[in-house]
Each structure stands twice: as C-alpha cells, then as structure tokens.
Amino acid sequence: MAKKMPTYSICNLLGADRCMTEIVVTRLRDFLDNHRDIQFPHRHDFYQIVLFTRAGGQHTIDFQQYEVIPHQVYYMAPGQIHTWNFGPETDGYLINFNESFFTSMLHNPHFVREFPLFNNVSGTAVNTLDMNCCAELEQVFAQMLDEFNSGGDFTMDILRGMLIIILAKLSRV
C-alpha cells in the first residue's frame, strides 16, 4: 500500500504549545537542525518564503528540481509538493505564514493569492536576486526575525507590514 504524503501545518512543525501563531520567522539553518524528522516529499497548508544567503544542494517544488544557490528566493503556496537535499553550509531565512495572518487586517481575504509569486500559472517558484536587491531584502528578513523573536507590543502588526514589503518587492523582480 502506498504511503500517504504528509501535509504539514504550522502547528505540526511547532508543536501544540506554540500552535497559536499564524507566522513563523526563523533562520533556515536553525529550522533544518530542529526539524530533522520532516518526511519528504510533503505539502504545506501555509505559504512559505525562503531566502538563501549560503547554499548548496537541491530543492524540488512540484517535481521541478532547482540547484540551490545564494541569493535565491523560493515561494511556495499551500498544497505544493516539495522536497529538499541541502548541504551543511545552507542557510538563510524562512517565513511560514497562513493566509489568515492578513485577513484580520485586510478586507480582501485573497490578498496573498494576488501576488504573482504564488501564482503557479504566471509566476515562478524561484528567483535569483541581484546583490543590491538581495542585500536590501536580507535586511528586511533580518529585521522580521528580530521582531518575531522580541515578541513586543504590536509585533504581529509590524510583521504584517514587513511581510507586505517583502511580497511587494519580490513581485517586482
């Protein structure tokens, strides 16, 4: 009998004690080191953006294989199938978020889907950024990570604003 492909939620990855969150921002290396038990291939029920700062290995999204290199950004929408085989040097930033992360703030419940990054027909799952764009975006990713870890007043609002900046800037690439 064929093994069923798992679909991960943010709760599956974080554990029940941190299940209340609609967004996770982390260093990619920390995520990889803390989640060695993830089954591949798998799907998500959330959006995922990965910015590679150091890279080696392969990443497959919907059966399309990519060589991972620095300054690449990967976008995945809920339901896409992926697997990876990263080298030990691979690092960067990872953002996982649910569509509901924005619906509490915006009137358009499909706000995220309208960005071309997550459109399988017109978009691409991978972009390689030039040095200036990558440096600028890496700064926003780092600020998001600091804000996520600080957990201060208005953190979720600040993270929403920063994520909108990232989505808009990446849509221009």
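Colleague: What lies over the face of Phe 101?
Modeller: Arg 160 does, at 4.8 Å from the ring centre. Keep in mind that this is a predicted model.

Colleague: And which ring has the charged end of Arg 27 over it?
Modeller: The ring of Tyr 93. The charged end sits 4.3 Å from the ring's centre.

Colleague: Let's move to ring pairs. How many aromatic pairs does the structure hold?
Modeller: There are 7. One of them joins Phe 52 and Phe 86, with the ring centres 5.4 Å apart.

Colleague: Why is that pair called edge-to-face?
Modeller: Because the planes of Phe 52 and Phe 86 meet at 75°, and an angle over 60 degrees counts as edge-to-face.

Colleague: Which parts of the chain does the pair tie together?
Modeller: Strands β4 and β8. Phe 52 lies in β4, residues 47–54, and Phe 86 lies in β8, residues 81–86, so the linked parts are 34 residues apart in sequence.

Colleague: Are those two rings buried or exposed?
Modeller: Phe 52 and Phe 86 are both buried.

Colleague: What about Tyr 93 and Phe 141, how is that pair arranged?
Modeller: Tyr 93 and Phe 141 form a tilted pair. The distance is 5.8 Å centre to centre, with 40° between the planes.

Colleague: Where do these two sit?
Modeller: Tyr 93 is in strand β9, residues 91–97. Phe 141 is in helix α4, residues 131–150. The pair therefore ties together parts 48 residues apart in sequence.

Colleague: Buried or exposed?
Modeller: Tyr 93 is buried, at 5% relative accessible area. Phe 141 is buried too, at 0%.

Colleague: Which residues do ring pairs link into a cluster?
Modeller: Phe 40, Phe 52, Tyr 66, Tyr 74, Trp 84 and Phe 86.

Colleague: New topic. How many cavities of 30 Å³ or more turn up?
Modeller: The search of the whole structure finds 1. The largest cavity holds about 30 Å³ of space.

Colleague: What lines the largest cavity?
Modeller: Ile 10, Leu 13, Leu 14, Val 24, Phe 31 and Asn 96. Helix α1, residues 10–14, gives the largest share of that lining, 3 residues.

Colleague: Now the whole chain. How many helices and strands are there?
Modeller: The chain has 5 helices and 10 strands. Of its 173 residues, 49% count as buried.

Colleague: How much area does the chain expose?
Modeller: About 9000 Å², with carbon and sulfur atoms supplying 52% of it.

Colleague: And what share of the contacts links residues 24 or more positions apart?
Modeller: Such residues account for 75% of the contacts with a separation of 6 or more.

How values were computed:
Residues numbered from 1 in each chain as written. Predicted model: local features only at pLDDT ≥ 70, side-chain atom pairs only at ≥ 80, totals over all residues. Heavy atoms only, no water. Helix = DSSP H or I, 4+ residues; strand = E, 2+ residues; numbered from the N terminus. Buried < 20%, exposed > 50% of the residue type's maximum accessible area, 1.4 Å probe, protein only. Contact = heavy atoms within 4.5 Å. Areas by Shrake-Rupley, 256 points an atom, 1.4 Å probe, with all protein chains shown as cover. Phe/Tyr/Trp six-rings, centres within 6.5 Å; stacked < 30°, edge-to-face > 60°. Lys NZ or Arg CZ within 6 Å of the ring centre and 35° of its normal. 1 Å grid on protein atoms, 1.4 Å probe; cavity = no way out; pocket = protein on both sides within 12 Å on 5 of 7 lines; lining within 4 Å. Points joined across faces, edges and corners; volume = space filled by probe spheres on them.
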